[in-house]
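User: Let us go through the side-chain contacts in this entry. Please keep the answers brief.

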Amino acid sequence: MTKARTRSGAGDIEVPVGLPARPLPTPGLLPRLSGWLRTHVTDEWSVALIAAALSIAFFKWYGAHGLTVAFNDSRDRELIARRVLESRTPGLAQFGATWLPLPAMLMLPLIWSGTLFSDGIAGSLPSMVAYVIAAVYMYRMARLAASSRGAGWVAAGVLILNPSLLYMQSTPMSEALAVSAFVVAIYYALRVTHTYHALDIAKCAAAVATGTLIRYENWVIGIAVVPILAYTAWRRRGYKLAEAWTILYCLLAFAGCAAWILYNAVIFHDPLLSFFYGQSSHKYYANTPDYLLPARHHAMFALTLYGLTVADTVGWAIVVMALLGFALFVWRFRLQGRTLPVYLTLVPFGFYLLVLYKGVNTESMPQLGTGLYYNIRFGILMIPALGLFAGFVATSGRVLARRALAGTALAVIIFSGVIGLFAQTPFVLREALYGYAGDTTKTGQAEAQWFNSHYHGGNVLKSYVPDPSFMFYLLTKYHFPDHVFVTDANGAQFTKALARPQNWVTWIVVNSGSDDQDLVWTPLHRRQDWRHYFVLRKTFPANSSYGIVEIFEKRSG
Amino acid sequence: MIGRLNKEERPRLAAAPMPAGPAGAPDGEHWATSWGAARDGARIVVTRVQAFALALLVALSAVFVGTAARYALIVCLGILTALYFATGVHKVWLLIRGELAGTGSAADSHHEEADEFPLYTVLVPLYREGRILPALVERLKRIDYPPERLEVLLLIEEDDEETRSAANDYPLPPGIRSMLMPAGQPRTKPRALNIALHAALGEYIVVYDAEDQPEPDQLRKAVAALQALPPDVACLQARLNFYNRHQSVLTRMFAIDYAVWYNQFLPGLTAGLARPNAFVPLGGTSNHFRVEPLRKLGGWDPFNVTEDCDLGVRLGRASLRVAMLDSTTWEEAVPRPRPWVRQRSRWVKGYLQTYLVHMRRPVQLLRELGVRGFIDFQMLVGGSSLLLLVNPLMWALTVMYAESKGTHLGNFIQTLFPPVIYYPGLLSLIVWNFIFFYCNAYVCVRHDLIDLIRYTLLTPLYWALMSLGAWAGLISLIRNPSYWAKTEHGVSLSDAEASAGVPIGYLHTEPLAGEATT
């Protein structure tokens, strides 16, 4: 019998020739598809695809229900980005506000378009992309920490199906971005403890730097990474390496903080502007009465308030799973170097507790008798921790047990997500709908509608603080040109308009009685000179916190 | 020096035949400065056409400034900003490519022992190196290569009494011999190399400086790689760094600078193995060549004070490739600012010479190097040199603006930067500069130079020193184009170390890990 050589993947093999070869059955479409998917679609890609599909679906869903810009802050964030490109004084100085600039910067590529600005896509797209990235890195982080694909899927599931995050990723808010930067940073911190590679340190630092330009919480997380990296390096090769890693990390991780401080110093001549002025500043809360800061100096109440926020954000079933997973993790790994960065996920918990206890900021939930919903978004940064620890549940026992646990955990997560999304209002959305600023949407729309029907030209003098909803709706719904507004973001023009409004504007719109927050009303209501030229045309009743809205028009002639 | 090329000098030099002459007794005066690369090289700094173009540019600029000064300044700042932005993008791209390529070389996969050892010639040009000659010989003796297959030529200038007497006094082992270079001008390293290239017997050739200390197995690695790689790979470049990097703050900064260049940028350019037509600026030493292509190419340009960079361009133009060799040669860093500036001035001067030489016929250059090679050449040779010269002016303008903000002068400066110039300029100033600054720190950790990392904080001062060197180089180019600002070697050695023949560096050097993950 003759033989021929044929090449296979494993090398040369000899097969007999001369006999009729029986053709192998062609596999069906499904097995072929399944084989192709197994070869080409990795877990990460699957997570990304699922997250992307949910992201788009829920953006459309909330958009259809008019909830994309339900938060007053989401409107404000879009306006910041918009005025960098389109306003009387466009430019980088427009970023200057209480908020860090990256969310607005990420909106710039699309915000110039009136359509994308109006329907919220320009503002929401960065959040949506961040959500998908967060999902992928959540999977990677849990898989690396627990050495288990199941853990990765459970952790990613907790994040992907979180109702609050699904809502926030559909909006121009900063929470999805902050979570994403946080998860990526911790993933690379974790990788460093496995690879000891400089590139992973740089990537971790880059993620932290990104986070520090999104929310101030991320500054604290950035600081918390330092001792973990230094300790890892010190254990490996002593002081010199610890110093090198610390410098390498800090140079990049805090470059964003330094740039922001420098920016404030150059533009506003005040490096720490955001800390000392505005409604969210330390100074503001230092002067706030105790009844508005119910957790100040009450540790147990702070714990209850924040604990309840986290539980309501993530769902009680997942909290129970995560607590079990946490116990399992501590029992198994304790303070092992390779899993030490996992504890970084708990930093937000400590941070927010401290913030509430010290009275640096506040939060309120009606079920605790503290008033309407406020700042309940603080719970979102704990999703990574709970997801990661829930993932550890799927790492106990033999293979079958692990698979069963992972499957059960995923079923619980899906059930919890569906209930949270469809059987009730997602937790953070309650703040936008029923919270302190909930009625600004309605009043802002009503004011804009009236103004549009009575507007016959001329500039409008208006303060961004405390409520820019009026301007937002005029720009997005009624397509007013950006340059008709003379605002506190226009520097010298605003000062001149305030000094002699009759020479600059036809309309003055103020939130009177808003605790001197309105930067137009605060100086004007003490003066009488301008009243000779303007007449009060319309008054809107006070909403929850921003006082009465009064619209003045310049007298004709 | 302005001149016109003869018609017979214009054709490309790739096919320039090696002149006949008695082996071992080259008539350097006759042809070393008029053969090959020298004929179309930096002997003439600017051609008449270039001089005319430059004069025209200056005249038009003067007219523009005279008639509309503000717009002229805006245009000028716009061009510079575009250049800053483009070089920044290009360098970041190279850094990323370098990181993706890793520090390994195309030669990495060919490290198995060579089947046979061809004759290898080592060229060591010397001038006034008598003091360190014993140490040099001891280091050369450490090269791990069959002695009967190794030819080491110490290239000594005829009138260099110091080195000649040192070579006579110190017993040279078999295989190492001195070779006298006949008197002549320009008395430069490439001229000596050309003479030696004529006499060299080796199939491969490598150039080391007087203070160099190659890793002992470097030649074996080079042979293995050159035998395995395609014949169009004409040159392997080993990494360079310093054995005396702890001598001063400047040597530390210099070591970081070299680590960035040889571990990030050059791998970015070659990405393992350069494409045909790629431009790779060679380092001055530790270039391992196949002799025949080098001879066909016309050797080194004796009038160019960075003959290595020039040769890199000519290799690319002749479709010959360069690869990185995974081996390090340890050199001596200049430890004091004044000689450091002198050395840097020579480098920038040479880069300017190289730029002017190859831009005589830009279209031909573009055709020969291809778009990517052409961009690499523009950015690394022309752009980098120009920006080093411009940097102090821009820094001064920034400081002036910050100090005069709100005044008439401040307002005037502000009007020079419309948004289309301001924002790219700001990006270049902050983001690019930060990336390059951070890259220094990154390289320290990536390549196990962790004891240097704190010195990266001084990077801006180092940049200022580089600009000082650039200006010195420009002035030297105008006043004395072929003057070779020689670097003094052996300054890190005590007299005892130098004369006792202690192999320097082995006392101080810690190995630089090629792929270190700390």
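Analyst: A charge sits over a ring if NZ of Lys or CZ of Arg is within 6 Å of the ring centre and within 35 degrees of the ring normal. The model is predicted, so local features need pLDDT of at least 70 and side-chain atom pairs 80 or more, while totals for chains, interfaces and linings use all residues. Residues count from 1 along each chain as written, chains are lettered from A and ligands numbered from 1 in written order, and side-chain values use heavy atoms, without hydrogens or water.

User: Over which ring does the charged end of A:Arg140 sit?

Analyst: The charged end lies 5.0 Å from the ring centre. The ring belongs to A:Tyr137.

User: Which parts of chain B does the pair B:Tyr120 and B:Tyr204 tie together?

Analyst: Rings of Phe, Tyr and Trp (its six-membered ring) pair if their centres lie within 6.5 Å; planes under 30 degrees apart are stacked, over 60 edge-to-face, the rest tilted. This pair is tilted, at 5.7 Å and 55°. Both residues are buried (under 20% relative accessible area; exposed is over 50%, partly exposed in between; 1.4 Å probe, protein chains only). B:Tyr120 lies in one strand and B:Tyr204 in another (strands are DSSP E runs of at least two residues, numbered from the N terminus), so the pair ties together parts 84 residues apart in sequence: β3 and β6.

User: Which residues touch the most other members of the largest nonpolar core?

Analyst: Such a core joins buried Ala, Val, Leu, Ile, Met, Phe, Trp, Tyr and Cys through side-chain atoms within 4.5 Å. The largest has 203 residues. Touching the most other members are A:Tyr249 and B:Leu315.

Technical notes. Helices (H or I, at least four residues) and strands (E, at least two) are DSSP runs, numbered from the N terminus.
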